[in-house]
Amino acid sequence: MDIYDKYNLDKKDDLVVKELPENPEACFYEIAFDEVNKANELYINNNGTLKHISTKPFLLSYLLLFLKKYRDDKVPLPKEIIDNTRSNETMQKLMRFMLVPINTFEEFTQRLLLATKEIPSEYLKKYNYRYGDRFVFVNKREDFGAYINMYGEWIPVAKKYGDKYWERAILFDKENKIFELYGKEERTNDTTNRDNWSLDIKFYEEKYLYEYLLNKEIAAVY
């Protein structure tokens, strides 16, 4: 079962194309450049106008299709989601949790903490972690490698080993509309401007970053 069938999504609403159409009909268009990256850009049909949503949008269109279909409550959620590690009851809670819009950093933080309280994963319960404990937000590239998480605390897993370096970063500059996720390339040393770090995914609106990260943590749609 693919992800479209799993969540009853329409494949016709998510098209992989080589160039954008003049008169779009589907909801999402993924621009494919090669067989390795599959799709490097994602656009949403906004009342007949295509709006750029993301660069390197791996698995993002599935999530956005899910939210578009179920968020307005007119369409009921799938009655049963088969998951190898979690019950259908848990999956129903996770899906409903994704449906509440998130527009600010404060709302995002609250959603992560509420999810930690109401639907923690077995991993979180075992190690007494919170969702978001490994998210590091920085506002300039030179700070890539920082180990203080979004809660202003030492990342638990790094603190355990006394590590003061973290190889993931979220470049966040609201004023300049920069919402990007980066990872340090293996076997490289940091340069002054951190050009040894590679872009994982880039968003052009703040809300898409939060939706993506929340789903990344709780794995409601995957």
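In this predicted model, Phe137 of strand S5 stands opposite Ile170 in S6. The two strands, S5 (137-138) and S6 (residues 168-173), run parallel and are joined by two bridges. S6 also pairs with strand S7 (residues 178-184), here in the antiparallel sense and over six bridges. Within that pairing, Ala169 has Tyr182 of S7 opposite. S6 and S7 make up a hairpin with four residues between the strands, and Lys177 in the turn shows a positive phi of about 55°. Burial adds to the picture of S6: five of its six residues are buried, so the strand is largely enclosed by the rest of the structure.

These strands belong to an open sheet of eight, in the order S1-S2-S3-S4-S8-S7-S6-S5 and with mixed pairing. The edges are taken by S1 (14-17) and S5 (137-138); each has a single partner strand, so one side of each is left without a neighbour in the sheet.

Further along the sheet, a second hairpin is worth a look. Strand S3 (residues 41-46) pairs with strand S4 (residues 49-55) over six bridges in the antiparallel sense, and Tyr43 stands opposite His52 in S4. Two residues separate S3 from S4 in this hairpin, and Asn47 in the turn has a positive phi of about 55°. Asn47, placed in the loop between S3 and S4, is exposed, with a relative accessible area of 78%. Its C-alpha atom is separated by 9.1 Å from that of Pro24, 23 residues apart along the chain. On the other side of its pairing, S4 is joined by two bridges to strand S8 (residues 197-203), and these two strands run antiparallel. Ser54 has Phe203 as its bridge partner in S8.

Asn40 offers a counterpoint to Asn47. Asn40 sits in the loop between S2 and S3 and, at 15% relative accessibility, counts as buried. Beyond its neighbours within four places in sequence, Asn40 is in contact with Ile31, Phe33, Ser54, Thr55, Lys56 and Pro57. For Pro57, 17 residues apart from Asn40 along the chain, the separation of the C-alpha atoms is 6.4 Å.

Attention now turns to the helices. Helix H2 lies across S1, S2 (28-31), S3, S4 and S8, and runs at about 175° to S2. H2 is mostly covered, with nine of its eleven residues buried: Leu60, Ser61, Tyr62, Leu63, Leu64, Leu65, Phe66, Leu67 and Tyr70. Two packed helices are described by the angle between their axes and the distance between the axes. For H2 (residues 60-70) and H7 (residues 206-218), the angle is about 100° and the axes are 11 Å apart. The two helices are therefore roughly perpendicular to each other. H2 contributes Leu60, Leu63, Leu64 and Leu67 to the contact, while H7 contributes Tyr208, Glu211, Tyr212 and Asn215. Sorted by class, this contact of H2 with H7 contains six nonpolar residues, one polar and one charged. An α-helix has 3.6 residues a turn, so residues three or four places apart point the same way.

Helix H3 (residues 88-98) joins this arrangement through its buried residues, namely Met91, Gln92, Leu94, Met95, Phe97 and Met98. They pack against H2, helix H4 (105-118) and H7.

In soluble globular proteins, nonpolar side chains tend to be buried together. In this model, the largest nonpolar core has 52 residues, and those with the most contacts inside it are Phe66, Phe108 and Leu209. H2 supplies the largest share of this core, eight residues. Phe108, leaving aside its neighbours within four places in sequence, is in contact with Ile102, Phe135, Phe137, Met150, Tyr210, Leu213 and Leu214. Phe137 thus reappears here among the contacts of Phe108, in addition to its place opposite Ile170 in the sheet. A second, separate core has ten residues, among them Val136, Phe144, Ile155 and Trp166.

Technical notes
Residues are numbered from 1 along each chain as its sequence is written. This is a predicted model: local features need pLDDT of at least 70, side-chain atom pairs count only at pLDDT 80 or more; totals for chains, interfaces and linings use all residues. Side-chain values use heavy atoms; hydrogens and water are left out. Axes are lines fitted to C-alpha atoms, for helices over the stretch in contact, and angles run from 0 to 180 degrees between N-to-C directions. Angles under 35 degrees count as roughly parallel, over 145 as roughly antiparallel, 65 to 115 as roughly perpendicular and the rest as oblique. Contact means heavy atoms within 4.5 Å. Ala, Val, Leu, Ile, Met, Phe, Trp, Tyr, Cys and Pro count as nonpolar, Asp, Glu, Lys and Arg as charged, and the others, Gly among them, as polar. Two strands pair if DSSP finds at least two bridges between them. Buried means under 20% relative accessible area, exposed over 50%, partly exposed in between (1.4 Å probe, protein chains only). A nonpolar core is a set of buried Ala, Val, Leu, Ile, Met, Phe, Trp, Tyr and Cys residues joined through side-chain atoms within 4.5 Å.
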